Amino acid sequence: MATLRELKGRIGSVASSEKITGAMKMISSAKMHKAEMSLRRLLPYRRQIETIIGNLLTADAEFSSPLIETRNVSKVGIVVFGSDDGLCGAYNVNIFKLLLNEIESYRQRYGSGVNISIFPVGGKIAKAVSKLSDPHISMCLVDGVDSKTTGDGVKDFVESLQQMFLDGELDKIDVLYMSFKSVSRQRPSCEQIIPVVAETFSANGVKESCRPYLFEPDANSIFQTVLPMFLMSVMQDVFTENRASEQAARVMAMQSANDNAKKLLEQLQLEYNKLRQQSITTELLDILGGQIK
């Protein structure tokens with residue numbers, strides 16, 4: 001049986017843990033709200049690009065781009081988003097499970113010999129991917145790209161992916177990430193970004209417009225200019241949603257840890273009070289026994 005001193009030490013440790021998890025929850029919550037605000041700021045820009053594409057889709061004009069050309073798929077690239085830091089529950093585990101399911105799906109669709117290049121974004125998911133042992137799977141680490149990358153870093157990453165597709169190094173590129181819905185709900189998503197197909201447009205809110213427009217210089221030139229901007233906006237959203245989802249998962253993990261610490265603290269406090277009461281009762285009995293003698 002534990003002594004009073006041991007129980008007091010445990011209570012102190014658990015109380016400290018409760019304070020730490022509470023503080024970490026507040027920090028993660030602030031970071032999550034910051035990512036949410038970034039998503040809202042990106043929304044007008046993305047909607048404007050989507051509006052332009054919607055107008056082009058209904059224009060009585062021909063337009064094309066190498067980024068919409070479909071090929072026979074033998075080389076697939078998949079960008080997997082995870083976290084660089086831990087303490088976010090099963091966040092990275094769930095993403096890795098989805099990755100394994102997608103790899104199996106590729107093999108069923110394109111054959112067992114399909115070559116898969118994985119671009120992990122985040123140290124934790126990169127560590128998990130590195131453990132995959134398969135001659136048809138390769139991991140491609142991109143310098144300067146992690147779960148916290150923003151701005152020019154995202155732009156350079158998207159341009160490098162586009163170039164790999166244009167050079168024929170990859171026939172198809174997907175992104176796998178946690179779509180942010182709310183603090184308590186994140187949905188695993190896998191979307192094709194290159195080549196851009198009709199589903200990519202419709203999935204991201206592009207609506208065809210029936211209003212007449214005049215295009216200057218011409219619809220094809222505008223389309224070839226706007227399409228890379230559209231891909232950039234999609235990828236920027238994915239990076240931001242991944243950060244928001246990571247922090248939301250960490251908020252829930254810290255809340256769970258904080259609740260467990262409170263329950264343990266209550267149990268230890270109760271055990272401490274019982275043992276202390278028992279000790280006081282024993283001392284009183286000793287005193288009374290001495291007086292009777």
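Before I turned to the cavity, I noted that Ala, Val, Leu, Ile, Met, Phe, Trp, Tyr, Cys and Pro count as nonpolar, Asp, Glu, Lys and Arg as charged, and the others, Gly among them, as polar. I also wrote at the top of the page that this is a predicted model.

**Entry 1: the cavity**

I looked for enclosed space, and the search of the whole structure gave 1 cavity of 30 Å³ or more. The space in this largest cavity comes to about 30 Å³. I then listed the residues around the largest cavity, which are Phe119, Pro120, Val121, Cys140, Val142, Val145 and Phe157. Sorted by class, the lining of the largest cavity holds 7 nonpolar residues, with no polar and no charged ones. Strand E2, residues 115-121, gives the largest share of the lining of the largest cavity, namely 3 residues.

**Entry 2: the chain as a whole**

I went back to the overall plan and found 6 helices and 5 strands in the chain. Following the sequence from start to end, I could write the order as α-β-α-β-α-β-α-β-β-α-α. The chain has 293 residues, and 40% of them count as buried.

**Entry 3: the largest pocket**

Next I turned to open spaces, where the largest pocket has a volume of about 440 Å³. Its lining is made of 21 residues, and those closest to the centre of the pocket are Leu39, Leu43, Arg46, Asp237 and Glu241. Which parts of the chain each supply at least two residues of this lining? I noted helix H1 (4-57), strand E4 (172-182), strand E5 (185-194) and H6. Of these, H1 provides the largest share of the lining of the largest pocket, with 8 residues. When I sorted the lining of the largest pocket by class, I counted 8 nonpolar, 3 polar and 10 charged residues.

**Entry 4: the second largest pocket**

The second largest pocket holds about 310 Å³ of space. Among the residues that line the second largest pocket I marked Lys31, Lys34, Asp85, Lys148, Arg243 and Glu246, and I also found Ala35, Ser38 and Gln247 in this lining. H1 and H6 each supply at least two residues of the lining of the second largest pocket. By class, the lining of the second largest pocket has 1 nonpolar, 5 polar and 6 charged residues.

**Entry 5: salt bridges**

Side chains of opposite charge can pair when their charged atoms come close. How many salt bridges does a search of the whole structure find? I recorded 6 salt bridges, and I followed up some of them.

In one salt bridge the side chains of Asp171 and Arg71 meet, at 3.5 Å from N to O. Asp171 is in the loop between helix H4 (152-166) and E4, while Arg71 is in the loop between H1 and strand E1 (75-81), so this pair ties together parts that are 100 residues apart in sequence. Is Asp171 buried or exposed? Since buried means under 20% relative accessible area, Asp171, with a relative accessible area of 8%, is buried. Arg71 counts as partly exposed, at 31% relative accessibility.

I also checked Arg107 and Asp134, whose side chains meet in a salt bridge at 2.5 Å from N to O. This pair links distant parts of the chain, with Arg107 in helix H2 (residues 91-110) and Asp134 in the loop between helix H3 (123-129) and strand E3 (137-139), 27 residues apart. Arg107 counts as partly exposed, at 22% relative accessibility, and Asp134 is partly exposed with a relative accessible area of 22%.

The last pair I looked up was Asp174 with Lys172, where the closest N and O atoms of the salt bridge are 2.5 Å apart. I noted that Asp174 and Lys172 are both buried.

**Entry 6: a peptide bond and a surface patch**

I checked the peptide bond from Ile194 to Pro195 and found that it is cis, with omega near -5°. Pro195 is found in the loop between E5 and helix H5 (198-203).

Finally I looked at the surface, where Ile280, Leu284 and Ile287 form a nonpolar patch, with about 260 Å² of accessible area together. Of this patch I placed Ile287 in helix H6, which covers residues 219-292.

Conventions. Residues are numbered from 1 along each chain as its sequence is written. This is a predicted model: local features need pLDDT of at least 70, side-chain atom pairs count only at pLDDT 80 or more; totals for chains, interfaces and linings use all residues. Side-chain values use heavy atoms; hydrogens and water are left out. Patches are made of residues with over 30% relative accessible area and no salt bridge: like charges are joined within 9 Å, nonpolar side chains (Val, Leu, Ile, Met, Phe, Trp, Tyr) within 5 Å. Accessible areas come from the Shrake-Rupley method with a 1.4 Å probe; for residues, only the protein chains shown count as cover. A salt bridge is a side-chain nitrogen of Lys or Arg within 4 Å of a carboxyl oxygen of Asp or Glu. Helices (H or I, at least four residues) and strands (E, at least two) are DSSP runs, numbered from the N terminus. On a 1 Å grid over the protein atoms alone, a cavity is a set of points where a 1.4 Å probe fits but cannot get out, and a pocket is an open set with protein on both sides within 12 Å along at least five of seven lines; lining residues have an atom within 4 Å of a point. Grid points are joined across faces, edges and corners, and a volume is the space filled by probe spheres set on the points. Buried means under 20% relative accessible area, exposed over 50%, partly exposed in between (1.4 Å probe, protein chains only).
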